[in-house]
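Work through the exercises below with the sequence and the model at hand. Each task is followed by its solution.

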Amino acid sequence: MAVTTDTGADFRTRLQSWLPKLVLSPSLAVMLIFVYGFIAFTIYLSFTDSRMLPSYEWVGWQNYDRLFRVREWNIALTNLAIFASLYIAICTVIGLMLAIFLDQKIRGEGILRPIFLYPMALSFIVTGTAWKWFLDPAIGLENTMHLWGWESFAFDWIKDREMAIYTIVLAAVWQSSGFVMAMFLAGLRGIDNEILKAAQMDGASNFQLYRRIILPQLRPAFLSAFVILSHLAIKSYDLVIALTGGGPGNATALPATFMYSYTFTRNQMGIGAASAVIMLMTIAAIMVPYLYAELREKK
Amino acid sequence: MAAASTENAIRSSSFSRVLIYLVLLLFALFYLLPFGIMLVNSLKPLSEITGGNMIALPREWTIEPWLSAWSTAQIGVQPTGLRPYFINSIVMAVPAVLLSTIFGALNGYVLTKWHFPGATIIFGLLLFSCFIPFQIVLIPMARILGILDIAGTTGGLVLVHFVYGVGFTTLYFRNYYAAFPTELVRAAQIDGAGFFQIFYRILLPSSGPIIAVSFIWQFTNIWNDFLFGASFASGGSAPMTVALNNLVNSSTGVREYNVHFAGAIMAAAPTLLVYIVAGRYFVRGLMAGSVKG
């Protein structure tokens with residue numbers, strides 16, 4: 001900073017040195033209150049007997065104890081396990097395959113890539129509306145197959161308590177697999193061609209090239225895809241509401257729909273808050289180590 | 001780096017190339033079909049949908065479903081069509097996008113060019129805040145909006161989207177400005193340029209791409225949001241996604257599928273348009289929010 005003896009300039013210098021903090025402070029205050037303050041408040045509520053409105057009567061672990069006895073919560077957790085594992089696995093496989101295929105000097109790549117990725121720009125409510133009808137046996141795919149003469153064709157998963165969760169997987173994969181493709185493609189394009197050429201001269205087959213050289217180099221892309229997809233899976237709410245409404249019955253309930261219905265429609269705010277805390281902890285368990293590693297790497 | 005060209009060194013046989021093209025085309029069909037069929041069926045009279053084949057083109061083309069979805073369809077209790085809700089979404093998204101981008105840019109500038117103790121911790125906290133499940137803030141947010149007397153209003157939603165968007169925009173601008181030569185900032189400082197002058201004259205002129213990323217990504221997220229809209233906006237102030245869901249899921253009497261489809265396409269149109277016009281930045285935004293954490 002310039003050294004001045006003039007008091008006017010001195011004030012300006014002091015103001016200048018305070019400005020950065022001043023500019024940052026509104027966002028900082030907003031974050032501390034609306035994110036971390038709110039998290040603290042919700043955690044606090046999860047230990048109270050709040051029903052329709054917040055109450056400040058401390059009940060200890062009672063809400064958590066009750067939460068894990070509620071049948072619907074256990075259904076939601078089982079569904080999340082099924083949904084998340086299939087969603088992550090299928091998106092990764094499709095995304096990786098499409099990325100590798102697109103990376104083979106494909107003619108029309110500029111047309112195909114945006115087609116694979118556009119569902120990511122849509123709202124889950126739009127996706128749900130489209131798929132709900134496509135999957136409806138009365139007017140969708142099943143009906144079309146019947147009209148084409150395949151009378152025995154049956155595809156009524158969306159009405160089937162056992163199978164309905166898989167329709168959510170299907171629609172979610174449709175929406176996000178192109179995004180995973182884009183992540184892998186970016187990774188593939190960053191790989192040094194000289195190494196590949198050298199390996200080819202040594203007589204490595206394409207399969208060996210991918211297994212030994214390319215896939216190991218995509219490790220960061222795999223990690224990012226896993227983190228982002230699991231984060232999306234745990235937060236999934238809109239798609240379930242639009243596609244099945246959590247039904248039939250509560251066969252497709254997920255933690256996010258459970259939280260909403262217990263808090264706002266069933267007036268069990270304490271239990272709702274407890275379920276939100278569990279969701280936060282699950283995401284934190286995945287995100288914190290990842291973000292920590294990313295931040296350290298950058299330094 | 002010259003090596004990171006867009007083409008790789010792999011050669012494949014012509015048989016496997018045919019297979020590759022086949023798979024790629026099949027997937028293109030998989031991604032296009034649901035939306036394409038929806039588009040086609042939004043132009044059919046209802047009788048052709050319930051009694052006909054979904055893949056078939058309309059025998060009788062009609063834009064009636066579109067007109068109905070836009071201005072007369074029953075949303076909740078009012079036969080207003082989706083138009084007022086479309087306007088709600090615009091009134092909500094535009095200020096929220098602008099505010100979160102402006103603050104994100106300034107925050108990114110401060111965090112990268114004005115070092116002070118605790119910057120890393122602040123950034124870490126900000127980063128984590130981008131990834132919280134919003135269920136954890138729903139209850140206190142409902143209370144605060146009530147206390148501020150903006151519960152159930154579009155203004156309330158602007159606040160909510162600003163608050164939970166500014167973390168992401170800060171992340172974008174911070175990563176972008178981190179690569180910007182700090183020497184230029186120092187040189188301007190020695191020349192006596194002030195805090196805002198440096199921002200306007202030196203950083204802002206080269207911020208075009210990241211502003212585009214921030215605009216597009218924020219707009220897409222805010223326009224497509226359902227959870228906050230469903231939680232904090234009631235009746236007439238609901239955003240488009242909530243209105244669409246009401247149209248599709250709570251219509252009594254005959255289910256007018258063609259109207260639902262027209263409505264869904266209307267809800268998708270703005271973000272889809274942005275994607276078509278500026279897809280490059282859309283992809284960059286996805287990456288900035290994930291790979292670069």
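Domain bounds, as used here, come from an automatic or database domain assignment. This is a predicted model, in which local features need pLDDT of at least 70, side-chain atom pairs count only at pLDDT 80 or more, and totals for chains, interfaces and linings use all residues. Residues are numbered from 1 along each chain as its sequence is written, while chains are lettered from A and ligands numbered from 1 in the order in which they are written.

**Exercise 1.** State how far apart the centres of domain 1 and domain 2 of chain B lie, and describe the side of domain 1 that touches domain 2.

Solution.
1. The assignment splits chain B into domain 1 (14-71) and domain 2 (83-290).
2. Taken over C-alpha atoms, the centres of these two domains of chain B are 32 Å apart.
3. Domain 1 of chain B brings 13 residues to the contact and domain 2 of chain B brings 11, where two residues are in contact if their C-beta atoms, placed from the backbone, lie within 7 Å.
4. On the domain 1 side, two or more residues each come from α1 (14-41), α2 (46-50) and α3 (64-72) of chain B. Helices (H or I, at least four residues) and strands (E, at least two) are DSSP runs, numbered from the N terminus.
5. The most, six residues, comes from α3(B).
6. By type, this side of domain 1 of chain B has eight nonpolar residues, four polar and one charged. Ala, Val, Leu, Ile, Met, Phe, Trp, Tyr, Cys and Pro count as nonpolar, Asp, Glu, Lys and Arg as charged, and the others, Gly among them, as polar.

**Exercise 2.** Describe the contact between chain A and chain B from the side of chain B.

Solution.
1. Chain A gives 90 residues to the contact and chain B gives 79.
2. Helix α13 (residues 257-290) of chain B supplies the largest share of the chain B side, 14 residues.
3. The chain B side consists of 54 nonpolar, 23 polar and two charged residues.

**Exercise 3.** Give the helix and strand counts, the box and the buried share of each chain.

Solution.
1. Chain A has 13 helices and zero strands; chain B likewise has 13 helices and zero strands.
2. The C-alpha atoms, along the principal axes, fill a box of roughly 90 × 65 × 30 Å in chain A and roughly 75 × 65 × 30 Å in chain B.
3. Buried residues (20 or more other C-beta atoms within 10 Å of the residue's own, placed from the backbone) make up 41% of the 299 residues of chain A and 48% of the 293 residues of chain B.

How values were computed
Buried ≥ 20, exposed ≤ 12 C-beta atoms within 10 Å, placed from the backbone.
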